[in-house]
Amino acid sequence: MTTRTLSAMLTTRRAVSADLTELARLFDAYRQFYEQPSDAPGALAYLQARMAADESVICVAQAEGRGPLLGFVQLYPTWCSVEMARTAMLYDLFVSTEARRGGVGRVLMQAAHVAAAQMGAVRVDLSTAHTNTRAQALYESLGWQLDTTFRYYTLRV
C-alpha cells in the first residue's frame with residue numbers, strides 16, 4: 001500500500017474504553033521510544049485512569065475506521081494565566097512502526113487541533129526531544145511555530 005493510498009483511507013476518532021487494550025500496547029511502545037522500560041499493565045492502568053476521570057482527550061487513527069489502531073494522540077486540558085483562557089497540552093503522539101510515513105501523524109495532529117477547539121482551548125502547546133527532527137518537520141509543516149522566547153524547565157519532586 002502506498003503512502004498516498006493509506007493517507008486517503010485514514011480516519012480518526014476519540015478513543016473509547018473498547019480501545020484500551022490495543023491503545024495500551026501503543027502507549028507502552030511510545031514510552032519505550034522515550035527510553036522508558038516496558039510496562040504494559042502500567043500503561044493500561046494509566047490510560048484507564050485518564051479516561052475514567054475525563055482528564056485527557058485521546059484520539060486514535062485507523063484505516064477506514066476499522067482494523068488495528070495505527071497511532072494515537074493525547075491532549076491534556078489546562079489553563080494559561082496570562083491569556084486567562086483554556087489551553088491544551090499535546091503530550092503524546094505516537095504512530096506504530098508499521099504505519100509510519102503514511103500520513104498517520106498528520107491526521108492525528110489535525111484531530112488534536114479539532115479536539116482542542118472542541119474543549120474551548122485558545123491554543124495547543126507541545127514539546128519534543130531536540131533530536132526528534134522528523135516530528136519537528138511534521139509540526140512545522142502544519143503551521144506550528146517554535147517558541148524562541150521561553151525556556152522550559154523541570155524539577156523532580
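## Strand S4 and the nonpolar cores

In this predicted model, strands S3 and S4 form a hairpin with four residues between them, and in that turn Met84 has a positive phi of about 50°. Strand S4, which spans residues 85–95, pairs both with strand S3 and with strand S5, and S4 also takes part in a right-handed β-α-β unit.

**Pairing of S4**

- Strand S3 (residues 66–80) runs antiparallel to S4, and the two are joined by ten bridges; within this part of the structure, Trp79 has Arg86 of S4 as its bridge partner.
- Strand S5 (residues 124–126) runs parallel to S4, to which it is joined by three bridges, and Val124 in S5 is the bridge partner of Ala88.

**Connection and burial**

- The right-handed β-α-β unit is made by S4, helix H4 (residues 104–118) and S5.
- Strand S4 is mostly covered, since eight of its eleven residues are buried.

**Nonpolar cores**

- The largest nonpolar core has 26 residues, and Leu75, Leu90, Leu93 and Val104 are those with the most contacts inside it.
- Two or more residues of this core come from each of strand S2 (57–63), S3, S4, H4, S5 and helix H5 (133–141), with H4 giving the most, namely eight residues.
- A second core, separate from the largest one, has 14 residues, among them Ala15, Leu26, Ala43 and Ile58.

Notes:
Residues numbered from 1 in each chain as written. Predicted model: local features only at pLDDT ≥ 70, side-chain atom pairs only at ≥ 80, totals over all residues. Heavy atoms only, no water. Buried < 20%, exposed > 50% of the residue type's maximum accessible area, 1.4 Å probe, protein only. Pairing = 2+ DSSP bridges. Right-handed = clockwise from strand over helix to strand, strands pointing away. Core = buried A, V, L, I, M, F, W, Y, C linked by side-chain atoms within 4.5 Å.
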